[in-house]
Amino acid sequence: MWDASKCDFCGDCLVQCRYVNYDRDKAVTEIKLLAEGKEADILNHCITCVACNDFCPTGADPSDLVFKMQEAFGTAPLVRNAIPQRDHLAQGLEGRGAPVERIPGDPDKPVLSFDSFEYSHFPEGTLDSDLFKGMTVVRGPEYMSLTGCVHMGGVSFVEKYAGRVIGKLAELDKDIVYLHNEGYALAHVKAKELGIAVPFKYKHLFEHLLDYLKSHPDRIMKLNRKVAYQANCATRWLPEQDAWLDEIFSLIGVERPPRQYEKENALCCSLPILNTNRTLAIEIQEKNVKDAINCGADAIITICPFCDAVMRRPTSQMGLSKIFITDLCRIALGEIPWPAKN
Ligand code: SF4
Ligand code: SF4
């Protein structure tokens, strides 16, 4: 959440933004304009990657300010382009869209939340895996994680609907495992910022995978592979998950080779601008995949269905295997084979 009291107008956030080329004076001017509630050039160029929250040395969360002003002015291409999607999401969140779906499971096991994703957005066979066996599964528009609305000029959706989404999950009266980290970000970060109590226990997917792997060490076949990581935007709100991923990699015999575009320097998958600036989107994708290949990776993993869909074309064309994190664990458990190059 943007905290003006922490901002000393150093300009670091927008000097480091790799989607504009601002010098320090320009960066400072831009942030000052936004802080005063005025329109600024960055609104049209920000691709909503959330990286500037990481670049800010004082924790002022400048990306939240940029997103707020993008929504307020409504002139940025990615905001103008998404009016129908925002209307559709609002209907679903208010219970006027598709009904929620629930696959009942073992009463003693937690619920696996697909948020508002379709089952088919995750790899085929995900629900057949021992990783999720016996879990109740829910999905639907009223379980939407909301945090991704920043990519379509809907940052206010978090404030408006977070209580409702958390309440809908609380009705299940069970522990929740979030298959997508944006749901976890809503419960763990955004709800706290808004003072919304979360009346159930919840886990990040990586924590769930770690629990399974640690309790089934005899099933793990070390992969002895090098794998690059496509971190999604929500990782910027959840710095703790990087250590969890390292632990998963260590348990299954995977090395994360150092690459240029990782951690603070990670590249956006480019989805937010796919329809508004396709040339830049493709340039980002190709830089990203080339970097993963250059670091010697045998594959790149994704953790978000949207990143996964976007990365399909460049990884396929450039000859790098792309694997969803759950499938990487399934390979180590012997459930599925290492993929042929996609
Ligand atoms: S969110 Fe990303 S694209 Fe937008 S201003 Fe911050 S660093 Fe730049
Ligand atoms: S938001 Fe952070 S990085 Fe940006 S100008 Fe303010 S203090 Fe500096």
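Let's start with helices α10 and α11, which cross in a left-handed way. This is a predicted model, so keep that in mind throughout. Helix α10 covers residues 205-215. Helix α11 covers residues 241-251. Their axes are 10 Å apart, and the packing angle is about 30°. Angles under 35 degrees count as roughly parallel. So α10 and α11 are roughly parallel to each other.

Next pair: α7 and α8. Helix α7 takes in residues 83-93. It packs against α8 with the axes 11 Å apart, at an angle of about 25°. That makes α7 roughly parallel to α8. The handedness here is left-handed.

Now stay with α8, because it has a second partner in this list: α8 also meets α9. Helix α8 runs over residues 156-170, and α9 over residues 181-194. Their axes come within 10 Å. How do they cross? At roughly 120°. So α8 is oblique to α9. The crossing of α8 and α9 is left-handed.

On to the ligands. Where does ligand 1 sit? In the largest cavity. Look at the residues around ligand 1. Four cysteines are not hard to spot in the list: Cys17, Cys46, Cys49 and Cys52. Leu14, Ile42, Ile47 and Val50 are there too. So are the rings of Tyr19 and Phe67. Thr48 and Ser63 complete the set. What classes make up this shell? It has 10 nonpolar residues, two polar ones and no charged ones.

Then ligand 2. The space that ligand 2 takes is the second largest cavity. How many residues surround ligand 2? There are 13. Which come nearest? Cys7, Cys10, Gly11, Cys13 and Cys56. By class, this shell holds nine nonpolar, two polar and two charged residues.

Put the two shells side by side. Around ligand 1, no residue is charged. Around ligand 2, two are charged.

To recap the helices. α10 and α11 are roughly parallel. α7 is roughly parallel to α8. α8 is oblique to α9. And for the ligands: ligand 1 is in the largest cavity, and ligand 2 takes the second largest.

Definitions and conventions: Residues are numbered from 1 along each chain as its sequence is written. Chains are lettered from A and ligands numbered from 1 in the order in which they are written. This is a predicted model: local features need pLDDT of at least 70, side-chain atom pairs count only at pLDDT 80 or more; totals for chains, interfaces and linings use all residues. Side-chain values use heavy atoms; hydrogens and water are left out. A residue is near a molecule or strand if one of its heavy atoms lies within 4 Å of it. On a 1 Å grid over the protein atoms alone, a cavity is a set of points where a 1.4 Å probe fits but cannot get out, and a pocket is an open set with protein on both sides within 12 Å along at least five of seven lines; lining residues have an atom within 4 Å of a point. A molecule sits in a cavity or pocket if more than half of its atoms lie within 2 Å of its grid points. Ala, Val, Leu, Ile, Met, Phe, Trp, Tyr, Cys and Pro count as nonpolar, Asp, Glu, Lys and Arg as charged, and the others, Gly among them, as polar. Axes are lines fitted to C-alpha atoms, for helices over the stretch in contact, and angles run from 0 to 180 degrees between N-to-C directions. Helices (H or I, at least four residues) and strands (E, at least two) are DSSP runs, numbered from the N terminus. Angles under 35 degrees count as roughly parallel, over 145 as roughly antiparallel, 65 to 115 as roughly perpendicular and the rest as oblique. A crossing is left-handed if the near helix is turned anticlockwise from the far one by less than a right angle, and right-handed if clockwise.
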